[in-house]
Amino acid sequence: MISPHEGAAPGFQVTYEPPADGGRMIVLTAPLTEIIDHAGYFIQMALASLPIWMEGVINRKYPKWREVEHNPDGSARYMPAGVRLVEKSLLREYRSDDVVACFPDDLHKFVGPRTRVVAVSTHNPLGVTFAAGVYTSIFGSSKMPINSHYSRDLFAKIKASPFRQSFKVIVGGSGGWQIIQTDTYEELSIDCVVEGRSESLETLELFRKAIQGEELPRQVEVKHPVERDGILFPDTRTTFGVVEMTTGCGRRCKFCVPDLNPQIALPKKKIMEAVRANVRNGNKQISLATEDMFIWGQVHTNTPFYFPNREALVDLYSDIVNTPGVEQHVLSHCTIAPAVVDPLLIKQLSDLLLPKSPIHFPVLSSHPQKKALAPLIGLETGSVRMAKQIMSSKGVPFSIEDWPSVVIEGLRVLNENNWFPAMTLIIGNPGETDDDVRDTIDLVYEIERRGLFAFLVPSIFTPLHDTRMEKERGVTQTRQLTPLQWQLMMKCWKMNLRPGQYSWWGPMAWRVGSIGMWLYKLRGLNGPNFTWPLLMFSGAISEKNLQRMGKIYRGKPLKVKTRKELIASLKPKDWQYLRADNGDLPLAARAAAV
Ligand code: B12
Ligand code: SF4
């Protein structure tokens with residue numbers, strides 16, 4: 001029996017048998033809340049966004065969420081794609097019995113006197129990123145979303161290992177920067193944070209040093225492969241069947257992290273091999289990770305990447321959903337302008353993808369089984385002034401002046417084809433004025449007025465590490481939000497609940513629930529600016545009356561360009577890239593096409 005390491009946190013006073021074989025030399029893991037893949041994407045997003053005191057809500061909805069599957073040797077059956085690639089990268093140099101990927105609760109089975117590195121992959125360990133931080137801060141205790149609690153729990157387990165002195169802890173993944181920025185190395189017992197991809201030879205060098213017991217730098221930045229062949233693919237099962245489709249984006253939004261990576265469309269052959277590997281290892285679901293699925297097939301071709309390659313996309317997705325064993329397929333991220341550029345592409349993708357979508361929106365979908373597609377799309381702002389400053393190419397080939405029209409027209413095309421995206425909005429951008437917020441409120445009301453639907457996810461501006469807005473400061477706490485910013489936030493959530501309110505008890509439950517919650521906790525936390533928007537959200541007083549009382553701003557109708565007008569606004573040099581079968585071509589373009 002062995003006791004915990006001296007610096008271990010209280011509560012980790014467990015003793016256990018060390019692994020009989022001395023443990024593995026390199027042990028890979030991730031927080032449990034980032035590994036689980038049943039119940040779909042939404043459970044992880046909820047775990048990232050709700051505070052730990054609301055864990056009971058998740059437990060009630062998904063009583064089995066902590067149950068995971070093991071391989072016969074006790075290692076993890078599935079792991080986030082990031083962990084799988086670290087594993088794959090290391091297996092270029094180390095033997096497979098030197099490396100293991102395991103669940104946090106199984107660390108003691110693999111960490112022993114032979115262990116030299118425990119490597120942790122994290123997506124969002126401290127919850128200080130956009131959307132995640134904001135909701136926990138609305139509900140209080142902003143520093144402890146459920147995911148963050150489980151991340152800390154993982155680090156505490158590692159810290160408590162009786163073998164802690166003989167191994168190094170290396171952290172990587174898209175959330176590593178949160179450790180650097182909050183300087184939580186000591187607290188979490190982390191030796192080094194790696195920023196960048198595991199494929200890099202510098203990452204291998206770091207592991208070599210750690211294995212030799214050399215001191216590691218606190219922070220290492222490693223290079224991203226610039227060639228598509230430099231990216232590795234998993235040949236074991238990944239969480240949610242995530243397989244990378246592209247890296248980078250190309251639209252150059254100033255606040256964006258993934259756009260800093262090179263724009264690469266990964267080879268179909270390798271994507272398909274990774275899909276089949278997932279299926280072979282028991283996965284029934286697949287999701288292609290991308291910032292914008294629509295650039296795949298159009299990167300570094302003679303056509304600008306923002307005119308999607310319809311045939312290539314349809315061919316790729318067709319092969320994926322028709323792979324024997326793939327029962328479910330979920331979309332990840334995309335942009336909205338391609339829906340305006342090529343509505344027929346959206347239709348063809350719907351025909352292919354809806355049958356395998358696990359998402360059902362009974363009230364919204366016109367599909368016979370009420371299936372829907374719900375990619376994540378950035379709306380960010382309805383203010384053209386703001387959009388010009390932070391994301392001037394977001395809507396290309398259309399001018400950013402037309403951004404509100406691109407959003408409305410794009411959403412119309414998507415909704416008609418049963419795509420009901422989750423759309424993110426940023427509140428409190430640096431320099432955001434009341435007029436900017438009013439413009440965004442106008443757009444949100446226009447969405448409502450036209451009967452369109454998107455699940456609107458407002459978040460508070462977070463200056464993300466390394467981006468061109470890293471040094472900028474916006475709103476930092478919910479208490480600083482203005483009445484208009486609060487109203488925008490609560491209006492989005494009110495609209496999100498529309499499809500859930502088609503029961504006689506629904507609206508009443510919300511009214512009573514939200515007012516009760518306000519009285520109990522939220523009034524003190526979020527300050528006086530929150531009160532009227534919350535009353536609007538609850539529906540206790542009608543929006544008309546609240547406007548009459550001067551308490552809220554009800555958006556004014558927007559003049560929105562039709563698809564035909566948007567297409568007509570393109571430069572003549574872009575006409576050659578438009579598909580005639582979508583219609584709406586300007587006369588001169590039609591003549592040129594003959
Ligand atoms: C798929 C995805 C999801 C899925 C699945 C996540 C999962 N657990 O598998 C879902 C929808 C659930 C999700 C949820 C969230 N996500 Co997400 N997601 C992605 C996406 C599109 C792909 C991630 C992926 O698997 N990439 C492929 C793998 C191979 O890349 P990787 O993990 O970065 O790993 C590489 C390197 O980081 C490195 N590496 C990774 N781990 C390690 C470890 C070590 C030791 C080393 C050395 C290197 C290393 O090597 C790998 C390559 O070789 C990314 C965007 C992107 N393109 O990365 C956003 C992204 C990671 N998500 C993001 C966010 C914000 C979230 C949420 C907080 C959103 C929310 N509010 O709900 C939640 C958090 C969930 C949680 N549990 O905490 C942000 C992260 C921002 C940040 N941390 O600063 C990103 C970058 C999106 C964005 N545009 O900003 N996400
Ligand atoms: S469109 Fe999305 S992924 Fe592309 S640069 Fe903008 S925020 Fe980043």
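## Cobalt, helices and cysteines

Guide: This is a predicted model. His-123 sits in the loop between strand E3 (117–121) and helix H6 (132–138).

Visitor: Which atom of His-123 is a donor of the cobalt atom of ligand 1, and at what distance?

Guide: NE2, at 2.3 Å. His-123 is the only protein donor of that cobalt atom.

Visitor: Switching to helices. What span should H7 have, at 1.5 Å a residue?

Guide: H7 covers residues 146–159, 14 residues, so the expected span is 20 Å. Its end C-alpha atoms are 20 Å apart, which agrees.

Visitor: And how many residues of H7 are buried?

Guide: Ten of its 14 residues, so H7 is mostly covered, with buried meaning under 20% relative accessible area. Among them are Ile-146, Tyr-150, Leu-154, Phe-155 and Ile-158. Polar names appear too, including Asn-147, Ser-148, Ser-151 and Lys-159.

Visitor: What about H16, how far does it reach from first C-alpha to last?

Guide: H16 (residues 403–416) reaches 20 Å. That is close to the 20 Å expected for its 14 residues at 1.5 Å a residue.

Visitor: Is H16 largely enclosed or open, and why?

Guide: Largely enclosed by the rest of the structure, because twelve of its 14 residues are buried. The buried set includes Trp-403, Val-406, Ile-408, Glu-409, Leu-411 and Asn-415.

Visitor: Which residue with a positive phi follows H16?

Guide: Asn-418, with phi near 65°.

Visitor: Now packing. How do the axes of H18 and H20 cross?

Guide: At roughly 15°, and the axes come within 8 Å. The helices are H18 (residues 483–496) and H20 (residues 531–538).

Visitor: Why call H18 and H20 roughly parallel?

Guide: Because angles under 35 degrees count as roughly parallel, H18 and H20 are roughly parallel to each other. H18 passes H20 in a right-handed crossing.

Visitor: Cysteines next. How many disulfides does the structure hold?

Guide: Zero.

Visitor: Are Cys-192 and Cys-492 buried or exposed?

Guide: Cys-192 is buried, with a relative accessible area of 0%. Cys-492 also counts as buried, at 0% relative accessibility.

Visitor: Last one. Where is Val-193 found?

Guide: In strand E5 (residues 192–195). Val-193 counts as buried because its relative accessibility is 0%.

Visitor: What separates the C-alpha atoms of Val-193 and Trp-177?

Guide: 7.7 Å. Val-193 and Trp-177 are 16 residues apart along the chain.

Definitions and conventions. Residues are numbered from 1 along each chain as its sequence is written. Chains are lettered from A and ligands numbered from 1 in the order in which they are written. This is a predicted model: local features need pLDDT of at least 70, side-chain atom pairs count only at pLDDT 80 or more; totals for chains, interfaces and linings use all residues. Side-chain values use heavy atoms; hydrogens and water are left out. Helices (H or I, at least four residues) and strands (E, at least two) are DSSP runs, numbered from the N terminus. The expected span of a helix is 1.5 Å times one less than its number of residues. Buried means under 20% relative accessible area, exposed over 50%, partly exposed in between (1.4 Å probe, protein chains only). A disulfide is a pair of cysteine sulfur atoms within 2.5 Å. Donors are N, O and S atoms within 2.8 Å of the metal (3.2 Å for Na, K and Ca); water is not among the atoms, so sites may look incomplete. Axes are lines fitted to C-alpha atoms, for helices over the stretch in contact, and angles run from 0 to 180 degrees between N-to-C directions. Angles under 35 degrees count as roughly parallel, over 145 as roughly antiparallel, 65 to 115 as roughly perpendicular and the rest as oblique. A crossing is left-handed if the near helix is turned anticlockwise from the far one by less than a right angle, and right-handed if clockwise.
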